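Here is a friendly walk through a two-chain model, written with a computational chemist in mind. Take a look at the structure first, and then we can go through it piece by piece.

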Amino acid sequence: MAIFKTVAELVELAERENKKMAQIMIEQEVQISGKSKQDIMDNMAKAYRVMEKAVQRGINENIKSHSSLTGGDAKKLHRYIQQGNVLSGIHVLEAVMGAMATNEVNAAMGTICATPTAGSAGIVPGCLFAMAEKLQPSYEDKLYFLFTAGAIGYVIANNAFIAGATGGCQAETGSATAMAAAAIVEMAGGTPRQSAHALSIALQNMLGLVCDPVAGLVEVPCVKRNAIGASIAMVAADMALAGIEFIIPADEVIEAMYRIGKSMPHALKETALGGLAATPTGKALERKIFGVELVKE
Amino acid sequence: MNYRSVFDIIGPIMIGPSSSHTAGAARIGRAARRIFGLKPDSAYITFYGSFAKTYKGHGTDIAIVGGLLDLDTYDEGIVRSLELAKAQGIDVHIQTSEEDADHPNTAKIELSNGEQWLEIVGISIGGGSVEITSVNGFKLRLSGHHPALLVLHEDKYGMIAQVANVLSRHKLNIGHMEVARKAKGSEALMAIETDQSMGEDVLAEIKAIPSILAVTKLDP
């Protein structure tokens with residue numbers, strides 16, 4: 001079997017063999033790792049359980065990070081949703097809630113599963129659990145969601161980057177948003193081509209996003225960028241399922257993300273030297289948390 | 001292709017808050033411990049680039065020391081690693097460098113224990129994936145995804161063939177191999193990644209080859 005290196009190849013393989021992109025990813029994993037399909041499904045089930053537990057903790061426990069910068073927002077949103085008067089749509093907000101819950105647990109040095117990174121770990125599970133609520137898929141389809149997201153992340157990681165330090169936040173939450181959008185479409189019964197359009201619509205909206213964490217911590221703005229990333233993924237998926245296309249092919253959007261990341265200044269790549277980290281409040285928080293400024297400009 | 005597995009993307013399962021600065025750092029520390037092969041009594045850790053600027057916020061220091069204690073990325077002991085290291089008698093020194101490194105997330109680790117000494121450089125390339133880029137000054141590239149063999153030997157003809165012969169006899173397939181040396185005719189280092197795990201008998205046979213100075217095995 002051929003190994004896919006681009007979104008175009010992944011879509012073509014899925015179409016030609018009349019399979020889900022998740023199945024193509026699983027077959028490739030069997031080939032590359034030499035492990036059985038069962039072992040690979042079991043491994044993904046382990047990741048799924050970690051995600052589920054992190055979301056539950058974030059919603060139900062009183063999470064607070066060591067710096068006190070984050071924690072408790074997922075719980076607030078949970079209560080708000082339960083009151084039943086939401087404006088933007090219940091499943092969108094559930095995705096946002098799951099994303100924040102995961103990232104708040106991450107910031108508090110809890111256990112999470114990186115998707116594709118820890119700083120962007122909320123988007124994929126947030127969307128997965130919201131979709132599971134809406135679509136009531138089989139357990140296998142829930143794991144397939146993660147394989148499809150993984151397949152997209154695999155292409156992005158090998159053709160561009162997934163770390164804020166190398167490509168800015170577009171590489172982290174941008175990649176996670178693209179991964180989730182494609183996986184939502186597949187779970188909802190869309191075609192591989194529609195998944196690719198959802199990926200493009202999602203990622204083009206994250207292009208240029210810088211990595212500017214306050215005090216160098218994976219907290220502000222990370223938690224809320226995961227929140228809104230999840231909402232973008234949901235809306236991009238709906239658009240693609242409506243038959244809306246994006247004229248720039250997915251692989252070229254990924255390449256654009258790469259070139260933008262390459263030309264992004266050092267101060268905006270996880271160094272805590274620019275953007276929100278360099279605001280008066282950002283600097284004051286840094287001094288408050290560490291007693292001194294971490295970095296000299 | 002730097003990322004080979006779907007679990008490089010959906011994973012690792014880890015203690016927060018950063019895959020590159022926490023989980024990746026733990027993996028670099030663990031690779032150093034595995035290559036060193038025993039508990040060090042002193043560890044000098046130098047951070048470069050983004051690691052140097054933001055290590056406090058990401059717990060990079062805590063994570064890399066957790067790795068030196070042979071803890072995995074999801075081990076809750078990582079949170080207490082500095083105390084655990086102290087209790088085990090490991091003297092930890094953390095420093096930062098303004099020097100330019102090839103990658104923004106670079107760490108150098110120097111370990112010692114009596115006569116034994118090791119210096120490795122590792123980079124955290126994102127999502128928890130890492131590469132070891134230097135061992136005792138030899139430039140190489142090890143992903144830590146596959147079983148690997150590090151063979152230090154005298155730089156002369158026939159060494160690669162003899163080592164490859166042993167692997168061939170044991171039906172071990174070489175997936176990736178690199179040879180590095182500091183100067184012609186001095187010491188050289190072979191880094192060999194294999195598809196299958198290697199037994200102690202393989203190591204013993206390689207060690208017995210004349211002009212082989214040291215052999216270390218690294219399991220993923």
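A good place to begin is a residue pair in chain B: B:Phe47 has B:Ala107 as its bridge partner in β4(B). Keep in mind that this is a predicted model. The pair belongs to a longer ladder, since strand β2 (residues 42-48) of chain B and strand β4 (residues 105-113) of chain B are joined by seven bridges and run antiparallel. In general, strands of a sheet pair through backbone hydrogen bonds, either parallel or antiparallel.

Zooming out, these strands are part of an open sheet of six strands in chain B, ordered β3-β2-β4-β5-β6-β7, with mixed pairing. At the edges stand β3 (91-96) and β7 (138-142) of chain B; each has a single partner strand, so one side of each has no neighbour in the sheet. From one strand to the next, the twist averages 20°. Helix α3 (residues 60-68) of chain B lies across β2, β3 and β4 of chain B, and its direction makes an angle of about 140° with β2(B).

Now for chain A. Its secondary structure amounts to 13 helices and one strand. Reading from the N terminus, five α elements come before the β element, and the rest are α. For 297 residues, a compact globule would have a radius of gyration near 19 Å, and chain A agrees because its value is 19 Å. Some overall values for chain A are gathered here:

| Property of chain A | Value |
|---|---|
| Box filled by the C-alpha atoms, along the principal axes | roughly 60 × 45 × 40 Å |
| Buried share of the 297 residues | 59% |
| Share of contacts with a separation of 6 or more that link residues 24 or more positions apart | 76% |

How many residues does each chain bring to the contact between A and B? Chain A gives 47 residues and chain B gives 36 residues. On the side of chain B that touches chain A, at least two residues each come from β1 (13-15), α1 (19-36), α2 (49-58) and β5 (116-126) of chain B. The largest share there is that of α2(B), with six residues. By type, this side of chain B divides into 16 nonpolar, 17 polar and three charged residues.

The two chains also share strand pairing. Strand β1 (residues 111-113) of chain A runs antiparallel to β1(B), and three bridges join them. Within this pairing, A:Thr111 stands opposite B:Ile15 in β1(B).

Terms used. Residues numbered from 1 in each chain as written. Chains lettered and ligands numbered in written order. Predicted model: local features only at pLDDT ≥ 70, side-chain atom pairs only at ≥ 80, totals over all residues. Helix = DSSP H or I, 4+ residues; strand = E, 2+ residues; numbered from the N terminus. Rg over C-alpha atoms; globule rule 2.2 N^0.38 Å. Buried ≥ 20, exposed ≤ 12 C-beta atoms within 10 Å, placed from the backbone. Contact = placed C-beta atoms within 7 Å. Nonpolar A, V, L, I, M, F, W, Y, C, P; charged D, E, K, R; others polar. Pairing = 2+ DSSP bridges. Axes fitted to C-alpha atoms, helices over the stretch in contact; angles between N-to-C directions.
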